[in-house]
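User: Please take a close look at one charged pair of side chains here, and then set it in the context of the rest of the chain. I am new to this, so I would like each term explained as it comes up.

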Amino acid sequence: MADTASAPLLTSHKTRPAKAPSIDDTIETYMGATGALQLLKAVLLAFAWAFDAQQVFISVFTDAEPQWHCTGADASCSAAAASPCALPSGAWAWDRPAVTSVVSEWSLKCAGPALVSLPASSFFAGCLAGGFLLTTLADSLLGRRKMLLVSIVSMSVAGVLTAFSPNVWVYAALRFMSGFGRSMVGTCTLVLSTELVGKRWRDTVCVAGFFCFTLGFLSLPALAYTFREESWRNMYLWTSVPSLCYSILFYFLVQESPRWLLVRGRKQDAIETLQQIASLNGNSITSSFSMLHACTMNNDTAEESSGDSVFATLHSMWERPWALRRLAAIMTASFGVGMVYYGMPLNVGNLGSNLYLSVTYNALAELPSSILSWLLMGRINRRSSVIALTGAAGVWSLACVIIPQGAARMAAELLSFFATCTAFNVIMMYSIELFPTSVRNSAVGLVRQALVLGGVAAPVLVALGRERSFLSFGVFGLVVGCFGMFAACLPETRGKGMSDTMDEEEHKEAAVAACTVDDADCNSDLV
């Protein structure tokens, strides 16, 4: 009886069909172990984040409100005056040359907060417009490499032209163009760099991008201090011209993602790219590409690949409830993180401390945050990390409301920003793992747009917070803490393989729902 009962079970295991080779397994097989040269190339690619950071935070210095002083020519002027707008023109003067800031050069101090904030708002509006209009091109027509190259060049050209702006209106329009071009730099850099290396190095390359972003952020206070007595236009030239030079280097050195080429059905291009990568890794592909041809693509991906609509990837996510749930949850958490991430550096002026030192401290906070992100990605669940980090960021931001100005308040602000930076990094890696190759760039692009949308709301809260700190620090804390809880709705991805198609990811979703504690084959199906 025992033999009879066990026979069907043994038979069912023997007749279980073998899994077709996935694109991930195939690429790993042909690339071999990631060598030093390929890893160096991936890090060079990640350096695009540095130029991205410079354009994001450059307005902290170029659009800063300069200090002023009384000249003694008018007795009505006093150092205690809140604003020089009601004083005669000869009764006061800027502490530094007027050309050091757009506010002083174009006399915007008394023009109202709407006009003063117009360039920064235009930049983030451009980021949103570019993000929604361009986000699917990297998954459909252009691919990761071409989209990134176009983004870097357009951002850099707009930056160079910004240095020659004759008035605030042209300046705001060029900032919009810069934001439009810049909108895909971070997304394409993150996705392409992680798809060019093996599984073992994905977290490392991802964190290398965060380090490069920090370096770009750190370079701004150094440049601003160097040109503190000179024109703000120098800032744009010294950040945009090197970016243009980098784009030339990028064009000749960086390959397209073989994973994207396979998903799009361009197998010959994928073979050539894999041969180049294998050569850099010290391997030579002597066998046939039989595994490559054995990769089977699902019908939905084939339709997306051959379709003419650049929004096919968005439609693919829209028609699947599980994809919509993931996208909505991670975008909601990202909105709260983005509000604090972009708002805290703008809010340092409300701390009552030195602008150069405050921005430097905030930039330095990103370095240990990148290290912590790397440790968290390898050892701790993504979902619980996001919830814990956003909760901590919210608590420390709320603490800034009750702590008086001084070193203690600065420490609380730095702790909140540190937790937010780490949550930002984890969310970006998390979003890569949540969505398959066929829609990955589009999904990550939308997540970044949620971050930017939070950044759009931040300047308004910063302006209101000059009178009542709760309207800046308080709202920051409540939003990031509460919205971060939406990460609890997401599946855990640590240690799981990345899918290539929507059907493959949907199969994993169904397998998770059907899994039981006693199912021994469950884990093997999900990896």
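**One salt bridge and its surroundings**

Analyst: The side chains of Arg-440 and Glu-195 meet in a salt bridge, with 3.0 Å from N to O; the term stands for a side-chain nitrogen of Lys or Arg within 4 Å of a carboxyl oxygen of Asp or Glu. The two partners belong to distant parts of the chain, since Arg-440 is in helix H23 (residues 437-464) and Glu-195 in helix H11 (residues 185-195), 245 residues apart. Helices (H or I, at least four residues) and strands (E, at least two) are DSSP runs, numbered from the N terminus.

Before going further, please keep in mind that this is a predicted model, in which local features need pLDDT of at least 70 and side-chain atom pairs count only at pLDDT 80 or more, while totals for chains, interfaces and linings use all residues. Residues are numbered from 1 along each chain as its sequence is written, and side-chain values use heavy atoms, with hydrogens and water left out.

Is the pair buried or exposed? Arg-440 counts as buried because its relative accessibility is 0%, and Glu-195 is buried as well, at 4%. Here buried means under 20% relative accessible area, exposed means over 50%, and partly exposed lies in between (1.4 Å probe, protein chains only).

The structure holds eight salt bridges, so it helps to set some others beside this one. In one of them, Arg-96 pairs with Glu-229, and their closest N and O atoms are 3.6 Å apart. Arg-96 is in the loop between strand E2 (92-94) and helix H6 (102-105), whereas Glu-229 is in the loop between helix H12 (202-226) and helix H13 (233-253), so this bridge ties together parts that are 133 residues apart in sequence. Arg-96 is partly exposed, with a relative accessible area of 32%, and Glu-229 is also partly exposed, at 44%.

Another bridge joins Glu-433 to Arg-382, with 2.7 Å between the closest N and O atoms. Because Glu-433 lies in helix H22 and Arg-382 in helix H21 (residues 382-402), the pair ties together parts that are 51 residues apart in sequence. Glu-433 counts as buried at 14% relative accessibility, and Arg-382 counts as buried at 4%. Beyond single pairs, Asp-52, Arg-182 and Arg-448 are joined into one network by salt bridges that share partners.

Turning to the nonpolar side chains, the largest nonpolar core has 90 residues, and among these Phe-57, Met-317 and Tyr-342 touch the most other members. Helix H22 (residues 407-434) gives the most to this core, with 13 residues. Such a core is a set of buried Ala, Val, Leu, Ile, Met, Phe, Trp, Tyr and Cys residues joined through side-chain atoms within 4.5 Å. Which residues does Phe-57 touch, not counting those up to four places away in sequence? They are Phe-213, Phe-217, Leu-220, Tyr-341, Tyr-342 and Pro-345. A second, separate core of 20 residues includes Leu-137, Leu-149, Cys-188 and Leu-192. In soluble globular proteins, nonpolar side chains tend to be buried together.

A further long-range meeting involves Gly-481, which lies in helix H24 (residues 473-483) and is buried, with a relative accessible area of 18%. Gly-481 and Gly-394 are 87 residues apart in sequence, yet their C-alpha atoms are 4.7 Å apart in space. Leaving aside neighbours within four places in sequence, Gly-481 is in contact with Thr-390 and Gly-394, where contact means heavy atoms within 4.5 Å.

For the chain as a whole, there are 26 helices and two strands, and buried residues make up 54% of the 527 residues. Among contacts with a separation of 6 or more, 83% come from residues 24 or more positions apart. A search of the whole structure finds zero disulfides, a disulfide being a pair of cysteine sulfur atoms within 2.5 Å.

How confident is the predictor, and where is pLDDT under 50? The mean pLDDT of the chain is 79, and 80% of its residues reach 70 or more; pLDDT is the predictor's confidence in each residue, from 0 to 100. It stays under 50 over residues 1-16, for which the model has three contacts beyond four places in sequence, and also over residues 296-309, for which the model has 23 such contacts.
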